[in-house]
Each structure stands twice: as structure tokens, then as C-alpha cells.
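Here's a quick briefing to read with the model open beside you. Take it one topic at a time and find each residue as you go.

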Protein chains: 4
Amino acid sequence: MPKQTFFNLPAEKRERITQVALDEFSNNSYHRSSINRIVENANISKGSFYQYFSNKKDLYRYLIDKAGEEKIKFLQKEIVDYDKLEFFPFLRKLFLAGIKFNQSSPYYDKLVDRIYRSESEQFKEEIIGESKYKSNDFLIGYVKKAREQGELKEELNPEMIAFLITELSVSIVDYYFKMKDPTEDLEGMMEIVDDMLEILKSGISEDNS
Amino acid sequence: MPKQTFFNLPAEKRERITQVALDEFSNNSYHRSSINRIVENANISKGSFYQYFSNKKDLYRYLIDKAGEEKIKFLQKEIVDYDKLEFFPFLRKLFLAGIKFNQSSPYYDKLVDRIYRSESEQFKEEIIGESKYKSNDFLIGYVKKAREQGELKEELNPEMIAFLITELSVSIVDYYFKMKDPTEDLEGMMEIVDDMLEILKSGISEDNS
Amino acid sequence: MPKQTFFNLPAEKRERITQVALDEFSNNSYHRSSINRIVENANISKGSFYQYFSNKKDLYRYLIDKAGEEKIKFLQKEIVDYDKLEFFPFLRKLFLAGIKFNQSSPYYDKLVDRIYRSESEQFKEEIIGESKYKSNDFLIGYVKKAREQGELKEELNPEMIAFLITELSVSIVDYYFKMKDPTEDLEGMMEIVDDMLEILKSGISEDNS
Amino acid sequence: MPKQTFFNLPAEKRERITQVALDEFSNNSYHRSSINRIVENANISKGSFYQYFSNKKDLYRYLIDKAGEEKIKFLQKEIVDYDKLEFFPFLRKLFLAGIKFNQSSPYYDKLVDRIYRSESEQFKEEIIGESKYKSNDFLIGYVKKAREQGELKEELNPEMIAFLITELSVSIVDYYFKMKDPTEDLEGMMEIVDDMLEILKSGISEDNS
DNA sequence: AATGAATGAGCCTTCATTCAT
DNA sequence: CATGAATGAAGGCTCATTCAT
């Protein structure tokens, strides 16, 4: 956790630092990211930095946490009444909201992707282990509920389904941005999402039999 | 490509270096990996290193290439007569073979995963661009053939399917080794593979309609 | 340009570093000069060095610039009313002042000689290109003026004359310090200067015809 | 001196090595020149190199010596009956021959220039001190003779005149190649040479008074 | 006579962190 | 709260030379 001094800062300064750090960590691996560059770009002194954060890892953890927070806040705003939706319409909303979030705050997604996919297992544990935003928990609950309500095949393992969905939601974004100009609107994206959802639906829904 | 001097080395030494380097690069990002550590662990002098490889990237590229080579060699040995198999049985063999390879040479998979998932697009291109082992090409061809033979839904985009399968094949290994002791035998694994395949099959095969 | 941190240093330290660097670069070619030696002799840490200068070239450029600055400052102090002098008396003053400068700050002259005479044309351009102390411009102007006032033969190319004078002014110093003990006073020197000037005068002045 | 083994080599190989080394040393300062590059470009093994030359300096000295030898050989071929010429016609021939030599063997001139102008005095002494081709000796003798024959002003110091001429002969080449395309023929050059000679003549010849 | 693997010192540069003010 | 000078370890890489074969 950043030190209290950081939170005492005027909002403008605090956000400037956050933004610059986000930029650095989302474009470089943890070890390659440079405090030197951060303080320079944020226009603060080295000494100040160490008065806000106890060390590099402290800042990093803060950003990772904030990324989770922001994403959840965003998703909750996008998917109102999500507990009244059926599973697949919900999933569709979830995917689209995920893509929208990525478009509006690409740094956060990059940051999180980076740690999930590229840092060593040990390092990941060290950083995320203490965070409360372990993304999957929420989804597993939702899958379980859907299965209980007969929307999903009984024989499938909910953990596995949740895992599969998470992977697909990341993959779909990768796939999309590998092919398209990210500033484009969402039409092309929806097509892919719908294809992917159709496959998933045929694959895991009960009605399918 | 490593210099000729590297290939002139006694096999034992050459393999020792390869092994140590593999260990280093599969456990650290490219930039974080250290030549210093490699030469120390491999018990060679820094000067020698640069007589074998022209630079860090040279060694890295060599390993990435070798990983592709080894994996293909392994898969070809595992999946004989693969062109006589139907699509889903083939896929099953492919997944299992992939897992087996990971078990026998976990470093190579980690290495390749790392670059595919975590290094910057530009860096990836720089390293893999010149390699002949671009994994997806082979799979896309195979998917197209399956679709022509009526095994897959016509409306689905082969590139997307291939992409999906590749992602799943990686995910499945992640999932498995996150849950199980990797030295265990394959029984538990097969269950998961079969679940996943069942989903895929329901999702993309033609007979399903 | 050195970083601000360098100029914030206590004068003693700043001058110590400058002096040590000057010593290093004036006795070795650019590439042969060693930052390691500089920091060691100046008794600063390597890390500090890079807080003062962005890199080796930065320091080097600073010295070259400073050499130009110092020389011009010195010459202006020595040759007051230089625009009221006739050409050859002026030249005599210039030569003598040059020698005096060399005696009082031999490092600067050595430094500048070194780059003018020995580094590759491309490197020279890279370093001096951006400097405002391109020595010849001033002299060419002065030669042109002298020619217009009928002091020099009309048929001679001013650029060539300026070039010739510059070369001679360097040569004369070389010659002198090759023969004499540099701590001696200037008497012997004046003889040589006068001989050289006499030759030049006979060679290029108009009254000569 | 190179070891006997070097001279036992087939001429082709010996010349190849010489050429490559010349290329390296004339384009880089002594310390920057690389044995590694030389053996690579000359296609010989590291071990062989050290069987031909006892070390880097040995090779370097050999080249410097050879440069002197070649230049003298060339000049002697160009300026036949030079002892029957008067001083200024001789000087003109000398300058032109110098330029021609530079055009035909630019590497040698670059090599010699480099050591004369850029290496430290101590290093120069170490290399050239032992050489028999100290260029000036020959010229001083010639100047003395000219003075005795009344061609030059009595009051001028022959050493100084010889020094001056040497400097000019180098400067003139610098000046020319800074302005012109070196592949051009000699017409433009002759003009400059003649201007320069005219200055010199007015400056130092006796008839001038 | 020829080879080429081995070596360690040295190169310039970047880094996260400390601490006195 | 803010500052920024100081630091030494570590980074990748090049070098001339030796020596066993």
C-alpha cells in the first residue's frame, strides 16, 4: 500500500503519478519498468517517490489493485440488473463490456494481462496473492448459479467452465486487436463475439441436447 | 544463428549451455534474463559465450527455434498417420501429445508461451518473424480440410477456429498444471481434455445441428 | 549539455571533474578515453557520473565547447582593439596569444587539436556540428576584410588563406613545443613567429609586388 | 618486425593480410582497431595471426614502416633526376607526386596521418622512434642544399622551412579533399598547389628581395 | 605451420534505493 | 512534505592474448 502521504497529495498530482506509472508498467515488464523514468515523466523528485511508496513493488501492487477496482466499477455500471439476465445474454454483455473497458482504459488491461501471462508464477503470487480482486471468484459463482438453474450441462465442472470463459474473454480481445484497428467501432467485434458465444453455447448449454 | 564454434563444441558442453540458457529464458522475461547468470551457471567464461553466440538475441532466437523443432519432432512421433484420423480424434491426440511434451520438456513450452503471450508485438515479430516454426499455419490448414470434409460448421471462420484451438490447447495445460502435480500420470488430465473436447465438439462440429 | 545536477555541484567538485576529464580526453582519443578512469581519478561514483552527464559524448561535447569558449575569452582579453590593427600586426598578436593560451591551458588546445586532426570526419561533425565555436568563420571574415582594404593580394582565395593561417598557427605551436621546454618564456618563440610571419607576409601581402 | 613465418607465407596471403590490416588501421585509431576484425576479414585464424606477429603493435609498426617505404619508392619513381631540378620546380613535383600517391594508395597516407596527428606523443615515439623513415630528414637536407645555392633567403632556419613545407604538403591534401571529389583529375588541384607554391616562393626565395 | 577455444579485464550504461538537508 | 546527490551492483558486450592440439 502506498504511504499515507500519497493519499494526502492534491488529486491532480496523485493522478498524474498514477497515470505515468500505469503507462510505464503497462508498456514494460515489471523488471524493465523504470522508477527513474516514472519520476522524470511525472515530474516529481526521486525522494518524493520514496515518500509516497515504500518501493517499486509497492507502487506496482497499487496499480494492479486499482486496475481490478476500476474494471469492476466499470462492469457494474455497464451491466445493470445482471442478476436478472439469463446466462448467455449476460455473457454477451460481459464480453462486450470487457471490450469497451479495454477501449476506454487500455492501460489497465495491458497491465493485468502482462502480469497474468508473463511474469513468473512466483512473482505473480507475490503480487496478486494479497489482492482481493482475484477475478475468477465472481465468475465461478455465476456459473454455478447458471448450472443450478439448468442453463448449463450438469456434467461439466464449474471451475473449468469459468476458467474457459476467462481465457476466451482474453483471447477474443487479442484476436480482435490483432486483426482490426482498435479505434474502430464495435460492429466487427460483435460478429466475432457472437460466433464465439455461439460455439460456447452449443458447447456448454443444456438446451443443446 | 549461433556461430560455428558453438556447434563444434563437445556435445556435453553444448547441451549444458543450452539447458542452462533454457532454464534462464523460460523463467525470466527476455530482458530480465541474464547472460551473466547463464555463463556462471554453465561454467563458461563471458568471452566464450560471445564466441558461441553473436549476442543475447542470437541465443534467444536459437532456443525459440529449437523449441519449435523439438515440439514438431515430438508431435510427429506421437501422432502417426495423423492425416488418416478424423478431426476430433486428431484433436484429442494433439492435445494429449501437447501435454506429454510439456511434461517431458516443460522448459520449451514455458519459453514459447512466454514469448507468445508476453513480449511486445514488435519484439515477437523480430524474433519469430524469421523462424520457420510459426505454429498456427499448420493448424489452419488442418481446420480448413476438416471443414471441407463436412466435419465442421460451414459458417465458422477457419482462422478463428484455429486461433481458438491454439488458445485452448495452451489454456488446458495451464489449467492442468495449476491443479495437479505435474509428475502424476495422465488420467486426471484426460478427463479434462475430454470435457474440453466435448465442449468444442458440440460447439463447432457439423453433426451437431 | 551536462544535466542541471552538474551545474548545481559545488565549484570545487565541478572543476575537479572537468579537470580530470580534460586530462583524460586530451591524452587519449575519444574512444580510448575511459569513463572508468575519469570517475576513479575524480573520486566520484559511476552512478554520480551519469547523474551529471547523460553519456560519454555529452561530457566530451561539453569539454570541446568549453575549450572554444575559454580560448575566445582568452583571445579577446589579449587582443583588445583588434579591429583597429592592420592585418599582419593583428596576426602576430593572434599567434602569440594562441601560444600563450596553449601555455596556460595546454589541455584545451590538445583536446581541440585531437578532434580536429584525428577523429573521423563524421564523428567530428557529430560533435562540433552543433557547437557555436567553429573557429574558422571568424578568421575568414577577417581575411576578407584585409583583402578589401588592399592588404592582401587580390588573386588569392580568402578561404584558402584562412585555412593556411589556421594550419600554420597550429603547426607553429607544434614546432615550438617540440623543440623547447614549454615552461620557458616566449623569447625563442617570438623569433620563430616572426620568421613565419615574415614568410607569410612576403607570400600574401599586396605591398610585396 | 613480423616473424619469419609471415615472410614465408605465399605472397597472395601475405598481401591479403597486409591489405586488410591497412584498411583497419587507417580507418580506426590504433586502440580502436581490432585484431578480431582483422583476422576475420583476412580469413585467417587467431592463432595464425600470433604466429606471424608477436602482437598488435608489431603489426602496426610493420604497416607504418611499409607506408614510408612505399611512399619513398613512389616518389623516387615520380621524381627522376630530382637532384638536377631547381628548388621550386622540385617542390612542385614533390607536392603533385604526394597527391598522386595519396590518390593511388590513400590508405597509407591516412595511416601515417593518423599516427602523426592523433596518437599521443609517447605512443608515436614508441612506434616511429625505431623506424628509419622519419620523413623530414630527407627534406631538411634538400632545403639546406637549396639555401647554399642561393635559392633561399639566408636568414631562415632550414629546419623550420622543412617543417613548414611538410605541414603545407599535408594541409594541401586535406584542403583539397575536403573540397573536391577525390576521384576527379588533378586540374583543380594544380591550381591550389600553384597558389600555395606562389605564396611559399614569395615567402622564402632569395630572388624575391 | 595452422588452428580456434578459452579467458578475464575492461568498456559504457541503467538501476532501485538511501539519506542529509 | 520535498529534494536531489550519492551509490555500487548489475547489465550486455569487445578486446588482445595464450595455449593445447
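Let's start with E206(A), which sits in the segment after α11 (187-204) of chain A. Helices here are DSSP runs of H or I with at least four residues, strands are runs of E with at least two, and both are numbered from the N terminus. Keep in mind that this is a predicted model, where local features need pLDDT of at least 70, side-chain atom pairs count only at pLDDT 80 or more, and totals for chains, interfaces and linings use all residues. Residues are numbered from 1 along each chain as its sequence is written, chains are lettered from A and ligands numbered from 1 in the order in which they are written, and side-chain values use heavy atoms, with hydrogens and water left out.

**A patch of negative charge**

- E206(A) is partly exposed, at a relative accessible area of 30%. For the cut-offs, buried means under 20% relative accessible area, exposed means over 50%, and partly exposed is in between, using a 1.4 Å probe and protein chains only.
- Which residues gather with E206(A) in a patch of negative charge on the surface? They are E154(A), E155(A) and E198(B).
- A patch is made of residues with over 30% relative accessible area and no salt bridge, where like charges are joined within 9 Å and nonpolar side chains (Val, Leu, Ile, Met, Phe, Trp, Tyr) within 5 Å.
- Asp and Glu count as negative, Lys and Arg as positive, and His and the chain ends are not counted. The charge is placed at NZ of Lys, CZ of Arg, CG of Asp or CD of Glu.

**Chain A as a whole**

- Chain A has eleven helices and zero strands, so to speak an α-α-α-α-α-α-α-α-α-α-α run from the N terminus on.- Of the 209 residues in chain A, 47% count as buried.
- The accessible surface of chain A comes to about 10,600 Å², and 48% of that belongs to carbon and sulfur atoms. Accessible areas come from the Shrake-Rupley method with a 1.4 Å probe, and for residues only the protein chains shown count as cover.
- Look at the contacts in chain A with a separation of 6 or more: residues 24 or more positions apart account for 68% of them. Contact means heavy atoms within 4.5 Å.

**Which chains stay apart**

- Chain A and chain C do not touch, and their nearest C-alpha atoms are 11 Å apart.
- Chain B and chain C do not touch either, with 20 Å between their nearest C-alpha atoms.

**Asparagines with a positive phi**

- N43(A) has a phi near 60°, a positive value in a residue other than glycine. You'll find N43(A) in the loop between α3 (35-42) and α4 (46-52) of chain A.
- Is N43(A) buried or exposed? N43(A) is exposed, with a relative accessible area of 65%.
- Over in chain B, N43(B) also has a positive phi near 60°, and N43(B) lies in the loop between α3 (35-42) and α4 (46-52) of chain B. N43(B) is exposed, at 66% relative accessible area.

**D174(B) and its neighbours**

- D174(B) belongs to helix α10 (residues 158-179) of chain B and is partly exposed, with a relative accessible area of 28%.
- Leaving out residues up to four places away in sequence, what does D174(B) touch? The residues are F163(A), D113(B) and R117(B).
- D174(B) and I99(B) are 75 residues apart along the chain, while their C-alpha atoms are separated by 10.0 Å.

**Salt bridges**

- A salt bridge is a side-chain nitrogen of Lys or Arg within 4 Å of a carboxyl oxygen of Asp or Glu. How many are there over all chains? The count comes to 32 salt bridges.
- In chain A, D194(A) forms a salt bridge with R92(A), and the closest N and O atoms are 2.7 Å apart. This pair links distant parts of the chain, with D194(A) in helix α11, R92(A) in helix α6 (residues 87-104) and their positions 102 residues apart.
- D194(A) is partly exposed at 29% relative accessible area, and R92(A) counts as partly exposed at 30%.
- In chain B, the side chains of E24(B) and R37(B) meet in a salt bridge (2.6 Å, N to O). Here E24(B) is in helix α2 (residues 11-27) and R37(B) is in helix α3, 13 residues apart.
- E24(B) counts as buried at 7% relative accessibility, whereas R37(B) counts as partly exposed at 34%.
- In chain C, E12(C) and R16(C) meet in a salt bridge (3.2 Å, N to O). They are separated by about one helical turn because they are four residues apart in helix α2 (residues 11-27) of chain C.
- E12(C) is exposed, with a relative accessible area of 51%, and R16(C) is partly exposed, at 26%.
- Back in chain A, salt bridges that share partners join K66(A), E70(A) and K73(A) into one network.
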